[in-house]
Amino acid sequence: MEKEFKWKRDQNYFWERTLVYMVKGLVMKLVNTPITPNMITLFNLLINVPICCVLAWNRQYILLAVFIQIYCTFDILDGNLARNKQLSTKIGKILDNISDYIFYGVVFLIMGWRMNISFVIVIASVLTQYIYGFIATFYIAPYIRKHSDFKRTKIKQYFYDKGILFGMDATLQTIIASIFLLTSFRKYLFVFDITLWILDLIYRIYEINIQKYLKDK
């Protein structure tokens, strides 16, 4: 009997969902092979990340746009393989986190530096993503999990019912980066990222405060 693909959750962010659909067939083929999720993570960290750094340094933006998507695809692949192969480990999660921190930190810092834009903006962009991730991980997500009756705003609920989490996430950041890198507007990428991360954070905190207000009434 053919195994059924196991999703991380019923709802996924748009680009994450798209990439999962793209790799799910490969995931199911790799389930019965000696290839482990950690091998894919290490390949991403030791091969794709350095390639992205070199491409960013050399301002080879078309290739960089492509390899950013390769990194993101492998990042989706290792997590889904771990889930479907039932090989999720603490070491694997640590490796994945290290890889992501280096990729979204170092690669994007080099990219911005070589674009000759204000390095303050570049650093602010990276820090904004990290701050968003910290608040989402330790405040927003636990609050939603704790309250099973959590109600989303109409626009988020509309997409939620269609299996899509409406908002900013790391996978969306990568497709935005790739698109900007293919245009002459690439220097505005970091300001655009900061804006989206902040707007989404404000919106998510707004949702929670609305819940608290309704409960107190």
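This passage describes helix packing, loops, salt bridges and a nonpolar surface patch in a predicted model.

Helices H3 and H4 form a packed pair. H3 spans residues 61–85, and H4 spans residues 90–114. Their axes lie 12 Å apart and make an angle of about 170°. Angles over 145 degrees count as roughly antiparallel, so H3 is roughly antiparallel to H4. The H3 side of the contact consists of Tyr61, Leu64, Ile68, Tyr71, Asp75 and Asp78. These residues meet Asp96, Ser99, Asp100, Phe103, Met111 and Arg114 in H4.

The loop between H3 and H4 holds Leu87. This residue is partly exposed, with a relative accessible area of 36%. Leu87 touches Pro37 and Ala82, when residues up to four places away in sequence are not counted. Its C-alpha atom lies 9.2 Å from that of Asn38. Leu87 and Asn38 are 49 residues apart in sequence.

Two residues were examined in the loop between H2 and H3, where H2 covers residues 37–57. Asn58 is one of them. Asn58 is partly exposed, at a relative accessible area of 43%. The C-alpha atoms of Asn58 and Met111 are separated by 9.2 Å, although the two residues stand 53 residues apart along the chain. Met111 is also among the H4 residues that meet H3.

Arg59 lies in the loop between H2 and H3 as well. Its phi is near 60°, a positive value in a residue other than glycine. Most residues other than glycine have a negative phi. Arg59 is partly exposed, with a relative accessible area of 36%. A positive phi of about 60° is also found at Asn116, which is not a glycine. Asn116 belongs to the loop between H4 and H5. The relative accessible area of Asn116 is 61%. Exposed means over 50%, so Asn116 counts as exposed.

The count of salt bridges comes to three. Side chains of opposite charge can pair when their charged atoms come close. Glu16 and Arg9 meet in one such bridge, with an N to O distance of 2.9 Å. Glu16 is buried, with a relative accessible area of 8%. Arg9 is partly exposed, at 28% relative accessibility.

Lys156 takes part in a salt bridge with Asp200. The closest N and O atoms of this pair are 3.9 Å apart. Asp200 sits in helix H8 (residues 189–216) and Lys156 in helix H6 (residues 154–160), so the bridge ties together parts that are 44 residues apart in sequence. Both Asp200 and Lys156 are buried.

Lys156 also meets Glu207 in a salt bridge, at 3.8 Å from N to O. Glu207 lies in H8 and Lys156 in H6, so this pair ties together parts 51 residues apart in sequence. Glu207 is buried, as is Lys156. Salt bridges with shared partners join Lys156, Asp200 and Glu207 into one network.

Glu207 has a further contact, with Thr153. Thr153 lies in the loop between H5 and H6. Its relative accessibility is 18%. Buried means under 20%, so Thr153 counts as buried. With neighbours within four places in sequence left aside, Thr153 is in contact with Tyr203, Tyr206 and Glu207. The C-alpha atoms of Thr153 and Arg204 are separated by 9.6 Å. Thr153 and Arg204 are 51 residues apart along the chain.

A nonpolar patch lies on the surface. Its area is about 590 Å². Trp57, Trp113, Phe119, Ile123, Leu127 and Ile131 make up the patch. Helix H5, residues 119–146, contributes the largest share, four residues. Phe119 is placed in H5. Phe119 counts as partly exposed, at 34% relative accessibility.

Notes: Residues are numbered from 1 along each chain as its sequence is written. This is a predicted model: local features need pLDDT of at least 70, side-chain atom pairs count only at pLDDT 80 or more; totals for chains, interfaces and linings use all residues. Side-chain values use heavy atoms; hydrogens and water are left out. Patches are made of residues with over 30% relative accessible area and no salt bridge: like charges are joined within 9 Å, nonpolar side chains (Val, Leu, Ile, Met, Phe, Trp, Tyr) within 5 Å. Accessible areas come from the Shrake-Rupley method with a 1.4 Å probe; for residues, only the protein chains shown count as cover. A salt bridge is a side-chain nitrogen of Lys or Arg within 4 Å of a carboxyl oxygen of Asp or Glu. Buried means under 20% relative accessible area, exposed over 50%, partly exposed in between (1.4 Å probe, protein chains only). Axes are lines fitted to C-alpha atoms, for helices over the stretch in contact, and angles run from 0 to 180 degrees between N-to-C directions. Angles under 35 degrees count as roughly parallel, over 145 as roughly antiparallel, 65 to 115 as roughly perpendicular and the rest as oblique. Contact means heavy atoms within 4.5 Å.
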